[in-house]
Amino acid sequence: MTEERKNSLFRQKLELLILTHSEDVLTRAKAAISTHFITFRSVNYEEIQKGQLGDLLKAQLILLAQEGAESLSAFESRVNEVLRLFPRSRVVTVMGPKENLEGAQNPRVSPLSSFEFFSTLKFEYICLYRCRSQYYQIQSSDLFSMTTITFPTFIRLPLNQRYLAVVHSNTVLSDERYQRMAGAEGLFIKAKDSDKYFQYICNYFDMSGTGLKKRARGLFLNLYYYSCYLNEGLLFDFSSKSDTHCAGVYVKIQNLAEEIFQVMRSEESLWDVFREALNDDFSMFWRAPWIAIYATLIAVKSGQGDPMTTLLSGLLMDVGLYDLEEDVTRQYFLSKEKKIEDKMQKSFEKHPLLSLNRCLIKKVPIDEKVKSVLVCTHERADEKGFPNQVPAAHLPVEAQLLMFAEKIDKEVLTTMKETGVGFRFLKEKLWEAEKASLQSFSPEFLNAIAEALI
C-alpha cells in the first residue's frame, strides 16, 4: 500500500486496545502504531473491570503484558477475564522474561515471549494480520443473482473502514440486491471463507478463459489463507496451536496443491492473475505465497523440479526470518530497495536453518526433499551462496526455482512499482541479467526455464 493511500484512509474502528502499565510495552507498541496508522486506545486494566466498555468491545486486538511482580497464575486469570469480557477480540500477551503461557492456552491468544515482542517483528506481524488481513476483496462479477451464496459478503464503508454484511451466509442473492452490489466500490469475504468462495467459483465458472482465471485467483487466496493459518503455529515460541494443528494444515495445503497444478497446466497465462490476487497492508509482511506460486508455475510449465516440493518449500522458506532481529527482518520485507545491508548479512544468513528448525520443532510432516530445499534456497551456482556454499552439482532444482521466483517478487515490489513496466518484460529482463552474470544460476537451468517465463 502506498503512503498516499495510507494517509487517505480514515479508520474510525478500534484496531488495538492496550491494557498495560508498562512504559516499555507502550513505547514498543506505539512504534508499530505510528508506522502503520493503527487506531488504538490505551486504558488501565482496572477501568475495564467497571463494566462500561462501550466501543472498546469492538477492539480487534487487545495487548496485555505480564507486569513486573505479577505471578503467572495471576496473569493467566487476568487473560481469561479479558477473554470473557471481549468475546469477539483477539489477544496478544507479552510474557515476563522467564515465563510462558502454557497453562492458559486459547486459540484466541497469541503469547509472545519478551524477546519476540521487543526484539523481533512478530508483534507488527500479528497487528497487521489481525487488523488488516481478515478480509479479501472479490469482484461483483464473481457472483450471480438468484444463486445461493454460502459465505457472507461485505462492503467496506469509506468513512470508518468497517465491513458491513450485504449478503448473509446460505442465502439466495436476489436480483435487486445483486444490482445494488454491482455498483459498490468493492466486495469482500472473510479470509476464513476463502475455501467456500473457491467452491462457489468452481460451481458457476468453467475451466476456460475468465472462469479459469477466477479459479486461479480463488486458489491463490485459499493458499494464502492456509499459509498464514499454518504460520500461527509455526512463528511463535508459545503458540497456542498444537503440533497436530500444523500437521493438519500442511496436509490441507498438499491437497489444495493438486488443484493448483491442474489450473497451471492450462494454456492461459496466469502470472498477472497471481501477482494481482491480493494487495493489503499485511501482504508486505508475508511474501512466501507469491514466491511459492511463481516458482511452482515455472516448475509446471518447464518440467523442471517437482511442483509439490517447490510449493511446500516456498511456503516454509521464510518462517525463520521472523526469528531474526527486527532491523534485519524489516530491511528484507519493508525497505524500499528490499536489500540487506552488509552489516546485517551475517544475521540474515541464519534464516534458512531457522526455517527448517521451526518446521522440525513444530513437527510439520515435511519429507527429506523439502528439508534439503529449505536449506538451499540461497545457495548459488557459483558456490558463493549461504549458509553452506553447496557445490553446484548438489543444488536441488526446486531451490533454484525458488531463488529465481524470489528475485521476480523483489522486482515486482521495486522496479515494477517504480517504473510501471509490464510483468512479462520484467521477467525477461531479469532472465537476461542472470544469464549475463551466471552467478546464482547455471546456463543450463536458465535455458530450461526460459519459455516458462512467457
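Helices here are DSSP runs of at least four residues, numbered from the N terminus. With that settled, here is what turns up in this model, which is a predicted one.

Start with a handy pair in helix H8. Tyr-200 and Tyr-204 are 4 residues apart in helix H8, which means about one helical turn separates them. The general picture behind this is simple: an α-helix has 3.6 residues a turn, so residues three or four places apart point the same way.

Next come the aromatic rings, where the count reaches 31 aromatic pairs. One of these joins Phe-151 to Tyr-200: the ring centres are 5.9 Å apart and the planes stand at 90°, so this pair is edge-to-face. The cut-off for that label is an angle over 60 degrees. This pair also ties distant parts of the chain together, since Phe-151 lies in the loop between strand S7 (148–149) and strand S8 (153–156), while Tyr-200 belongs to helix H8 (residues 194–204), 49 residues apart. Both partners are hidden away: Phe-151 has 0% relative accessibility and so counts as buried, and Tyr-200, at 2%, counts as buried too. Tyr-200 also forms an aromatic pair with Tyr-204, this one tilted, with 4.6 Å from centre to centre and 45° between the planes. Tyr-204 has 38% relative accessibility, so it counts as partly exposed. Elsewhere, one aromatic cluster brings together Tyr-125, Tyr-129, Phe-236, Phe-282, Tyr-322, Tyr-332, Phe-333, Phe-348 and Phe-386.

Phe-423 is worth a look for its charged company. The charged end of Lys-427 sits over the Phe-423 ring, 5.0 Å from its centre, and the charged end of Arg-275 sits over that ring as well, 5.3 Å from its centre. Phe-423 and Lys-427 also show up among the contacts of Ile-408, a list that (leaving aside neighbours within four places in sequence) also has Trp-271, Tyr-294, Ile-298, Leu-426, Leu-430 and Leu-453.

Ile-408 leads straight to the inside of the protein. The largest nonpolar core has 133 residues, and those touching the most other members are Leu-63, Phe-123, Leu-143, Tyr-294, Phe-404 and Ile-408. Helix H9 (residues 209–234) gives the most to this core, with 12 residues. There is also a second, separate core of 21 residues, including Val-43, Ile-48, Phe-75 and Phe-238.

Phe-75 is in helix H4, where the buried residues are Phe-75, Glu-76, Arg-78, Val-79, Val-82, Leu-83 and Leu-85. They pack against strand S1 (16–19), helix H3 (45–48), strand S3 (61–65), strand S4 (90–94) and strand S5 (109–112). The length of this helix checks out too: at 1.5 Å a residue, the 14 residues of H4 (residues 72–85) should span 20 Å, and the end C-alpha atoms are indeed 20 Å apart.

Finally, zoom out to the whole chain, which comes to 20 helices and 11 strands. Its radius of gyration is 23 Å, close to the 22 Å that the globule rule gives for 454 residues, so the chain is as compact as a globular protein of that length. Along the principal axes, the C-alpha atoms fill a box of roughly 70 × 60 × 40 Å. Buried residues make up 55% of the 454 residues. Of the contacts with a separation of 6 or more, 70% are between residues 24 or more positions apart.

Conventions: Residues numbered from 1 in each chain as written. Predicted model: local features only at pLDDT ≥ 70, side-chain atom pairs only at ≥ 80, totals over all residues. Heavy atoms only, no water. Helix = DSSP H or I, 4+ residues; strand = E, 2+ residues; numbered from the N terminus. Expected span 1.5 Å × (residues − 1). Buried < 20%, exposed > 50% of the residue type's maximum accessible area, 1.4 Å probe, protein only. Contact = heavy atoms within 4.5 Å. Core = buried A, V, L, I, M, F, W, Y, C linked by side-chain atoms within 4.5 Å. Phe/Tyr/Trp six-rings, centres within 6.5 Å; stacked < 30°, edge-to-face > 60°. Lys NZ or Arg CZ within 6 Å of the ring centre and 35° of its normal. Rg over C-alpha atoms; globule rule 2.2 N^0.38 Å.
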